[in-house]
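Take a look at the model below. The report starts at the ligand and then turns to the protein.

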Amino acid sequence: MKTVKVVAAVICDSLREKQSIFATARGYGKFKGQWEFPGGKVEPGESAEQALLREIREELDVNIVLGDLIETVEYDYPAFHLSMDCFWCELSGGAPKLLEAEDGRWLTKADLYTVPWLPADISLIRNIESQMGEPDLLRTQALRLLRHLCEEHILPETVFHAPVPETQNFSALVSRLRLALGERYPSTKLKRIMKSVHYANGFTDARLREAAFTLDEAEQYLVRNGFLDHDRGVAYFNERITAPDFSVSAQSLLGVMLESLLLAKAGKS
Ligand SMILES: Nc1nc2c([nH]c(=O)n2[C@H]2C[C@H](O)[C@@H](COP(=O)(O)OP(=O)(O)OP(=O)(O)O)O2)c(=O)[nH]1
């Protein structure tokens, strides 16, 4: 049987964290609609790395950085034998554009089996699953808030889509939120934050402390532009953190703060 040599890129949010991976649905041919990893056939004279960088530019119009080889998938299709080198990769800037695929999604570990994979990819998915990190809850909540504010048209849609927020960690997402609000509502005057009496004052993790102050500014933008009632937000926060089952930590307090900002609605105060 003829062997077809293929390379595939398992693009993840970061080679270090691997909390989400990018998969695409085939846009043409026999396997149309089935999910796979971007890549393609190695051309004569090309190394696996050259072929992968070329395919990813052709299919997604982005550059990537190659990480380790995950495995070489060997699979017999009825008409050919597939030998596919699969590499961990990360984006080196920009957001993927779907130039050939009919769909593309960032999948977390929990989403891996929500799409119909090409048959050859099933064993690879199990391998990837064992190497992926658990999603950072705060990061998931920050993404949810960003998506909510875009859906409410409080922030422009473009904030959510480019460059891909899925590749950013929690702190980066919070900074992005604050920047986007500043750009959208440039005349909003912010009150100085009283850091010494702030709930985040005692956080030992400086990154989380900064994020809490930044979220406070985000809250001010939402309140001052009539999207959020300050007292209602505070009441929500206080009620949640005084519930008997609430266990206090920097993470849980920030989580409740993010939840309280979800109360923001377009055109309401
Ligand atoms: N890129 C990719 N191909 C896969 C995966 N799983 C899998 O079975 N395949 C198979 C489908 C195809 O038969 C073959 C890849 O060929 P391709 O059609 O993408 O190659 P190519 O981009 O060079 O394209 P073409 O011009 O020949 O259509 O490998 C996967 O995860 N990614």
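## Polar contacts of the ligand

In this predicted model, a side-chain N or O atom of Asp121 is 2.5 Å from an oxygen atom of the ligand. A polar contact here is a pair of N or O atoms within 3.5 Å. Glu55 places a polar side-chain atom 3.3 Å from an oxygen atom of the ligand. Glu36 has a side-chain N or O atom 3.3 Å from a nitrogen atom of the ligand.

On its own, the ligand has 630 Å² of accessible area, and the protein covers 81% of that. Accessible areas come from the Shrake-Rupley method with a 1.4 Å probe.

## The shell

The ligand is surrounded by 16 residues (each with a heavy atom within 4 Å). The closest are Arg26, Phe37, Lys41, Tyr77 and Asp121. Nine residues of the shell are nonpolar, two polar and five charged. Nonpolar means Ala, Val, Leu, Ile, Met, Phe, Trp, Tyr, Cys or Pro; charged means Asp, Glu, Lys or Arg; the others, Gly among them, are polar.

β4 (39–41) and β6 (81–91) each supply at least two residues of the shell. β4 gives the most, with three.

## The whole protein

The protein has eight helices and seven strands (DSSP runs: H or I of at least four residues, E of at least two). Its C-alpha trace spans about 70 × 35 × 25 Å along the principal axes. Of its 269 residues, 46% are buried (under 20% relative accessible area, 1.4 Å probe, protein chains only).

## Basis

Residues are numbered from 1 along each chain as its sequence is written. The model is predicted: local features need pLDDT of at least 70, side-chain atom pairs count only at pLDDT 80 or more, totals for chains, interfaces and linings use all residues, and side-chain values use heavy atoms, with hydrogens and water left out.

Definitions and conventions
Polar contact = N/O pair within 3.5 Å; in protein donor to acceptor, adjacent residues only side chain to side chain. Buried < 20%, exposed > 50% of the residue type's maximum accessible area, 1.4 Å probe, protein only.
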